[in-house]
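Student: I would like to take a close look at one part of this structure, and to understand how that part sits among its neighbours. Could you guide me through it slowly?

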Amino acid sequence: MTPTVIPRDTVTLRNMEPSDWPSVRRIYQEGIDTGQPTFESQAPDWDSFDRSRLPRHRHVAASSEGQALGWTAASPASSRPAYAGVVEHSIYVTAEACGFGLGRALLNALINSTESAGIWTIQASVFSENGPSLHLHDTAGFVIVGRRNRIARMSHGSLAGQWRVAILIERRSPSSSQRKAGRSRKVRTAHSPMTPHTRAQAILLPGTPGRPAILNP
């Protein structure tokens with residue numbers, strides 16, 4: 001698919017509104033259909049999405065006509081009070097708008113909104129084959145903290161029936177109390193770095209036009 005040319009100065013980052021849902025759901029389903037972002041086979045309805053995502057941390061990249069071209073949102077990682085500052089996020093960009101920096105812009109918006117709210121960790125699971133997403137998150141300061149081999153089988157798409165490997169990634173806020181104790185050290189030194197295999201895979205596919213930027217098992 002030939003990507004649509006989208007000048008960056010015509011794209012607006014803003015909070016997601018209920019009226020964005022048709023476009024957001026279409027982008028969501030588009031990503032799901034590739035078999036790369038999630039084990040789910042269908043995008044949820046608005047009520048389910050609205051209940052599970054934190055209102056302050058839903059962002060869209062919108063065209064000059066107001067149509068959503070990509071989105072990101074975060075959910076609480078746990079209902080336990082001790083984990084109140086930990087969220088799990090998703091980020092999707094329509095295939096026609098990939099390669100123009102929208103994914104990074106959305107991720108930056110999420111980082112800014114969560115840090116201003118006192119959230120100290122953003123985490124996610126990414127399929128090991130999803131090189132563009134791993135690369136995107138690497139450039140934004142996320143690190144690999146684990147790997148879940150053969151965690152579950154795909155139920156749909158070209159990989160139906162196959163076991164998948166999920167890479168666990170996270171970003172710690174520089175203002176978190178644990179980071180303050182070692183401010184002179186880069187965040188990646190505190191965790192497992194990208195493995196050579198994963199890094200090579202990520203470098204081969206960054207920002208591929210026509211390929212959705214997608215996440216999250």
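Which pattern does the protein chain follow when read along the sequence, and how does the sheet, with strand β3 in particular, fit into it?

Tutor: Please keep in mind from the start that this is a predicted model. Read along the sequence, the protein chain follows the pattern β-α-α-β-β-β-α-β-α-β-β-α-α, and its secondary structure comes to six helices and seven strands. Of the 217 residues in the protein chain, 46% are buried. Among contacts between residues at least 6 apart in sequence, 70% join residues at least 24 apart.

The sheet is the setting for the part you asked about. It is an open sheet of seven strands, with mixed pairing, and its order is β1-β2-β3-β4-β5-β7-β6. At the edges stand β1 (12-15) and β6 (143-153), and because each has a single partner strand, one side of each is left without a neighbour in the sheet. From one strand to the next, the twist averages 25 degrees.

Two helices can be placed against this sheet. Helix α1 (residues 21-33) packs on the sheet and touches β2, β3 and β4, with a direction that makes about 85 degrees with that of β3. Helix α3 also packs on the sheet, where it touches β1, β2, β3, β4, β5 and β7, and its direction makes about 155 degrees with that of β4. Strand β3 is therefore among the strands touched by α1 and among those touched by α3.

Now we can turn to β3 itself, which covers residues 68-76. Eight of its nine residues are buried, so the strand is largely enclosed by the rest of the structure. In the order of the sheet, β3 stands between β2 and β4, and we can follow each of these pairings in turn.

On one side, strand β2 (residues 58-62) runs antiparallel to β3, and five bridges join the two. One of the residues involved is A62, whose bridge partner in β3 is A68. Strands β2 and β3 form a hairpin with five residues between them, and in this hairpin G66 takes a positive phi near 90 degrees. The loop between β2 and β3 also holds S63, which is buried, with a relative accessible area of 14%. If we leave aside the neighbours within four places in sequence, S63 is in contact with T10 and L69.

On the other side, β3 pairs with strand β4 (residues 86-93) in the antiparallel sense, over seven bridges. Two of the partnerships can be named: S75 has E88 in β4 as its bridge partner, and T72 stands opposite I91 in β4. As a general point for reading such a strand, in a regular strand the side chains alternate between the two faces of the sheet.

Some side-chain pairs add to this picture, and the count of salt bridges comes to five. One of them joins R58 to D50, with the closest N and O atoms 2.8 Å apart; R58 counts as buried at 5% relative accessibility, whereas D50 is partly exposed, with a relative accessible area of 32%. Another joins R14 and D20, whose side chains meet at 2.7 Å, N to O. In that pair R14 is partly exposed, with a relative accessible area of 26%, while D20 counts as buried at 5% relative accessibility.

A further salt bridge is formed by E129 and R164, the closest N and O atoms being 3.0 Å apart. E129 lies in the loop between β5 (121-127) and α4 (131-139), and R164 lies in strand β7 (residues 163-172), so the pair ties together parts that are 35 residues apart in sequence. Here E129 is partly exposed, with a relative accessible area of 34%, and R164 is buried, with a relative accessible area of 1%.

That loop leads us to helix α4, where seven of the nine residues are buried, so this helix too is largely enclosed by the rest of the structure. The axes of α3 (residues 102-116) and α4 come within 10 Å and cross at roughly 50 degrees, which makes α3 oblique to α4. The crossing is right-handed, and G103, R104 and L107 in α3 meet L136, H137 and T139 in α4.

Definitions and conventions:
Residues are numbered from 1 along each chain as its sequence is written. This is a predicted model: local features need pLDDT of at least 70, side-chain atom pairs count only at pLDDT 80 or more; totals for chains, interfaces and linings use all residues. Side-chain values use heavy atoms; hydrogens and water are left out. Buried means under 20% relative accessible area, exposed over 50%, partly exposed in between (1.4 Å probe, protein chains only). Helices (H or I, at least four residues) and strands (E, at least two) are DSSP runs, numbered from the N terminus. Two strands pair if DSSP finds at least two bridges between them. A salt bridge is a side-chain nitrogen of Lys or Arg within 4 Å of a carboxyl oxygen of Asp or Glu. Axes are lines fitted to C-alpha atoms, for helices over the stretch in contact, and angles run from 0 to 180 degrees between N-to-C directions. Angles under 35 degrees count as roughly parallel, over 145 as roughly antiparallel, 65 to 115 as roughly perpendicular and the rest as oblique. A crossing is left-handed if the near helix is turned anticlockwise from the far one by less than a right angle, and right-handed if clockwise. Contact means heavy atoms within 4.5 Å.
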